Amino acid sequence: MTEDMQNMHNGNLYLPEDKAILKRQEAAQELLYDYNQTRPGEHEKRQQLLKKMFAKIGDDCYLEPPFNSNWGGSHVYFGDHIYANYNFTAVDDTYIYVGDYTMFGPNVTLASAAHPVLPELREKAYQYNLPIKIGRNCWFGAGVIVLPGITIGDNSVIGAGSIVTKDVPANVVAVGNPCHILRKITAKDHKYYTHNREIDWSKIN
């Protein structure tokens with residue numbers, strides 16, 4: 001393993017044009033291409049491809065094609081029962097961890113990679129990566145962007161269009177650009193699912 005390949009996962013600056021990196025990345029992208037060419041009814045083929053593509057893929061996970069990913073999911077760890085809507089993007093130059101039962105709306109981006117602010121370094125194509133950690137049973141609205149190094153706690157909701165620049169604790173609703181905590185999840189959410197529309201628990205399986 002080259003030094004640049006090691007630096008992909010330790011937060012250090014590195015050059016992604018390393019030949020060994022590019023060869024492995026291209027192989028991962030070939031599988032990603034195959035996944036995005038599957039037909040809607042090819043459920044078993046999709047599951048087989050996801051098992052090859054992801055670092056870990058749990059039971060009953062579903063990703064609507066097209067799925068976009070720098071490394072085809074090679075550095076993504078999914079728990080069980082995760083759903084990702086159209087155009088889910090995992091910039092997985094380093095590790096991305098997602099807990100069970102989490103849902104992603106359309107056009108959500110999890111970006112673990114970044115470039116230094118200093119122009120001289122960017123001109124040389126230097127990059128660094130920081131892992132993203134998402135808890136269990138989270139929900140991301142359409143168009144959310146999560147930046148490198150972010151941790152989001154269990155059960156939290158990230159509102160549509162938010163840009164997450166700081167860690168988000170568990171059991172909150174967070175919205176905006178930059179994303180901020182709007183409120184905690186409370187007993188009221190056990191009674192109403194939206195706009196004073198009550199949950200009929202007798203009909204919930």
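Let me begin with tyrosine 86: setting aside neighbours within four places in sequence, this residue is in contact with Glu64, Pro65, Pro66, Pro106 and Asn107. I should say at once that the model under discussion is a predicted one. Tyrosine 86 sits in the loop that joins β4, residues 83-84, to β5, residues 88-91. Its relative accessible area is 42%, so tyrosine 86 is classed as partly exposed. As a marker of distance, the C-alpha atoms of tyrosine 86 and isoleucine 152 are 22 Å apart, with their positions 66 residues apart along the chain.

From that loop I move to the strand that follows. β5 is covered on both faces: Phe88 and Ala90 are buried on one side, and Thr89 and Val91 are buried on the other. What is the strand order of the open sheet? The order is β2-β5-β8-β13-β16, five strands with parallel pairing. At the edges stand β2 and β16, the latter spanning residues 163-164; each has a single partner strand, so one side of each has no neighbour in the sheet. In general terms, strands of a sheet pair through backbone hydrogen bonds, in either the parallel or the antiparallel sense.

The pairings around β5 can be given residue by residue. Between β2 and β5 there are 3 bridges, in the parallel sense. Asparagine 68 stands opposite threonine 89 of β5, and serine 69 has alanine 90 of β5 as its bridge partner. Towards β8, residues 109-111, β5 again pairs in the parallel sense over 3 bridges. There, valine 91 has alanine 111 of β8 as its bridge partner.

Next, helix α3. Which residues of α3, residues 43-53, are buried? They are Arg46, Leu49, Leu50 and Met53. Viewed down the axis of α3, these buried residues fall within an arc of 105°, so they line one face of the helix. The general background is that an α-helix has 3.6 residues a turn, so residues three or four places apart point the same way. On the other side of α3, Glu44, Lys51 and Lys52 are exposed. The buried residues of α3 pack against α2 (19-36), β1 (62-63) and β2 (67-69).

That brings me to the nonpolar interior. The largest nonpolar core has 35 residues, and those touching the most other members are Phe78, Phe88, Phe104, Leu110 and Phe140. Elements giving two or more residues to this core are α2, α3, β3 (76-78), β5, β6, β11 (132-134) and β17 (172-175). The largest share, 3 residues, comes from α3. Apart from this core lies another, of 5 residues, among them Met5, Met8, Tyr14 and Ile21. Returning to the larger core, what does phenylalanine 78 touch, beyond residues up to four places away in sequence? Its contacts are Phe54, Lys56, Ile57, Gly58, Cys61, Leu63, Phe88, Val98 and Phe104.

Several of these names recur when we turn to the aromatic rings. Phe54, Phe67, Phe78, Phe88, Phe104 and Phe140 form one aromatic cluster. Over the whole structure, a search finds 11 aromatic pairs. One of them joins phenylalanine 54 and phenylalanine 67, a tilted pair at 5.8 Å centre to centre with 35° between the planes. Phenylalanine 54 lies in the loop between α3 and β1, and phenylalanine 67 in strand β2, so the pair ties together parts 13 residues apart in sequence. Both phenylalanine 54 and phenylalanine 67 are buried. Tyrosine 95 and tyrosine 97 also pair: their ring centres are 6.2 Å apart and their planes at 45°, so this pair is tilted. Tyrosine 95 is partly exposed at 26% relative accessibility, and tyrosine 97 is partly exposed at 31%.

I close with threonine 102, in the loop between β6 (96-98) and β7 (103-104). Is threonine 102 buried or exposed? With 0% relative accessibility, threonine 102 counts as buried. A polar atom of its side chain lies 3.4 Å from the backbone nitrogen of asparagine 137. Leaving aside neighbours within four places in sequence, threonine 102 is in contact with His81, Ile82, Tyr83, Ile134, Gly135, Arg136, Asn137, Cys138 and Phe140. Phe140 has already appeared in this talk, as a member of the aromatic cluster.

Methods. Residues numbered from 1 in each chain as written. Predicted model: local features only at pLDDT ≥ 70, side-chain atom pairs only at ≥ 80, totals over all residues. Heavy atoms only, no water. Buried < 20%, exposed > 50% of the residue type's maximum accessible area, 1.4 Å probe, protein only. Helix = DSSP H or I, 4+ residues; strand = E, 2+ residues; numbered from the N terminus. Arc of directions from axis to C-beta. Contact = heavy atoms within 4.5 Å. Polar contact = N/O pair within 3.5 Å; in protein donor to acceptor, adjacent residues only side chain to side chain. Pairing = 2+ DSSP bridges. Core = buried A, V, L, I, M, F, W, Y, C linked by side-chain atoms within 4.5 Å. Phe/Tyr/Trp six-rings, centres within 6.5 Å; stacked < 30°, edge-to-face > 60°.
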